[in-house]
Amino acid sequence: MRRIAPLFSMAIIGFVVLLAPLAHGAEAKAPWQEEWEKTVQAAKKDGQLAIYGVNGYDEVFKAFARTFPEIKVSFLGGLGSQLGPRIMNERRAEKYLVDIYLAGIVTPYTVFHRGKALDPIRPVLALPEVLDESKWWSGRHHYADPEGQYIFVFQGNVHGGETAYNTQLFDPREIRSYWDFLNPKWRGKIVARDPKAVSTVAHSLRFFYNHPEIGPDFIRRFFGDMDLALSRDERQMTDWLGAGKFPLAFFIAGVEEGEKQGLPVKMFEPGRFKEGASVGPTQGSVSLINRAPHPNAAKVAINWLLSRDGQTAYQNGFAQTDDVIESMREDIPKDIIPAPHRRVKGAKYVYSGRPEWIDMAPVQKLVNEALGQTQK
């Protein structure tokens with residue numbers, strides 16, 4: 001037995017030695033993780049990230065800077081009508097100064113996509129939680145370009161007619177469909193945001209115009225037959241609604257604030273109508289500008305922004321500016337989104353960020369014709 005014990009001990013040691021490489025292999029990093037770590041190191045060598053976009057993203061990317069302090073973020077904010085021409089002018093001068101663009105979908109599609117100034121985003125998505133489409137609304141990624149490659153949409157706000165009512169003068173149970181608003185008894189009793197301020201009402205008009213159950217005839221009759229009062233002052237609209245001058249309002253914002261102040265006003269929840277509502281961005285898309293000066297930093301930034309942490313920072317950051325923003329990610333808290341603007345499971349929604357919906361010219365032409373007929 002004394003001779004057997006040492007032999008047994010040696011056998012155990014040999015067995016452990018043989019298992020060691022296998023254990024090390026079991027702990028080896030997944031290929032995506034190794035590649036990601038290489039990209040992060042390369043991004044740190046880039047040392048910079050240049051973002052052009054709508055104001056507000058500078059605050060969001062403070063969270064990115066805390067996670068990747070070695071990457072210095074520079075941000076230029078402005079409207080798409082300002083930044084789009086600026087970027088294209090810089091490129092014509094062979095100045096490639098911007099990595100990613102963060103805003104709505106109109107400028108990326110009509111300026112950058114058509115101007116061949118974008119690289120596809122799909123190939124730079126690396127994190128499994130970003131690639132997992134089950135984490136996103138309707139179980140897939142959404143893009144605003146025909147190829148489904150270049151303009152990644154990560155904001156999914158609910159839009160309808162942006163309608164509200166005076167709670168003392170109107171019973172919301174009377175309305176089950178948008179067509180019910182065309183009842184002659186509401187003629188002269190609706191205040192609406194002036195459609196000439198197209199950027200403000202664009203989402204609602206796109207939804208009405210393109211929806212197979214609503215369509216151009218609804219727009220023609222709404223603007224042509226209902227004797228609307230038009231306003232460009234949101235506060236005025238809320239005051240009129242609260243004072244009972246008009247029991248109904250269309251294309252209105254700021255009603256929740258009026259409700260908090262005690263006014264008898266309330267928004268219709270868009271999903272309550274028979275035709276449902278649309279889901280799409282106001283300023284929530286990311287585009288990767290080609291010939292980016294800091295390509296690795298851009299890749300890291302896009303993956304961070306679309307991650308759970310990034311989308312939480314995005315959604316919470318804009319909430320501090322009183323801007324209602326709901327991420328397309330379904331695995332982050334939504335309590336910060338007011339109930340009338342929050343997506344509801346099981347509701348009827350259509351995606352409004354389609355490229356074929358972007359051109360507002362035919363919609364605006366129809367609206368102008370209907371209003372012109374009324375004036376005659």
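Trainee: Before we count anything, what is a salt bridge, and how many does a search of the whole structure find?

Mentor: A salt bridge is a side-chain nitrogen of Lys or Arg within 4 Å of a carboxyl oxygen of Asp or Glu. Keep in mind that we're looking at a predicted model. Searching the whole structure for such pairs gives a total of 19 salt bridges.

Trainee: Okay, let's take E59 and K62. How many residues apart are they in helix 3?

Mentor: Their side chains meet in a salt bridge, 3.0 Å from N to O. Both sit in helix 3 (residues 57-67), and about one helical turn separates them because they are apart by three residues.

Trainee: And R235, which pairs with D239: is R235 buried or exposed?

Mentor: The closest N and O atoms of R235 and D239 are 3.4 Å apart. Exposed means over 50% relative accessible area. R235 has 55%, so this residue counts as exposed.

Trainee: What about E326 and R343, are they buried or exposed?

Mentor: This pair also forms a salt bridge, at 3.8 Å from N to O. The two residues link distant parts of the chain, 17 residues apart, and each lies in the loop between helix 12 and strand 15. For accessibility, the word for E326 and for R343 is buried.

Trainee: Now the largest nonpolar core. Which helix gives the largest share of this core?

Mentor: That core has 63 residues, and F61, I100 and F154 touch the most other members. Another core, of 34 residues, lies apart from it and includes Y178 and F223. Back in the largest core, the largest share is eight residues, and they come from helix 11.

Terms used: Residues are numbered from 1 along each chain as its sequence is written. This is a predicted model: local features need pLDDT of at least 70, side-chain atom pairs count only at pLDDT 80 or more; totals for chains, interfaces and linings use all residues. Side-chain values use heavy atoms; hydrogens and water are left out. A nonpolar core is a set of buried Ala, Val, Leu, Ile, Met, Phe, Trp, Tyr and Cys residues joined through side-chain atoms within 4.5 Å. Buried means under 20% relative accessible area, exposed over 50%, partly exposed in between (1.4 Å probe, protein chains only). Helices (H or I, at least four residues) and strands (E, at least two) are DSSP runs, numbered from the N terminus.
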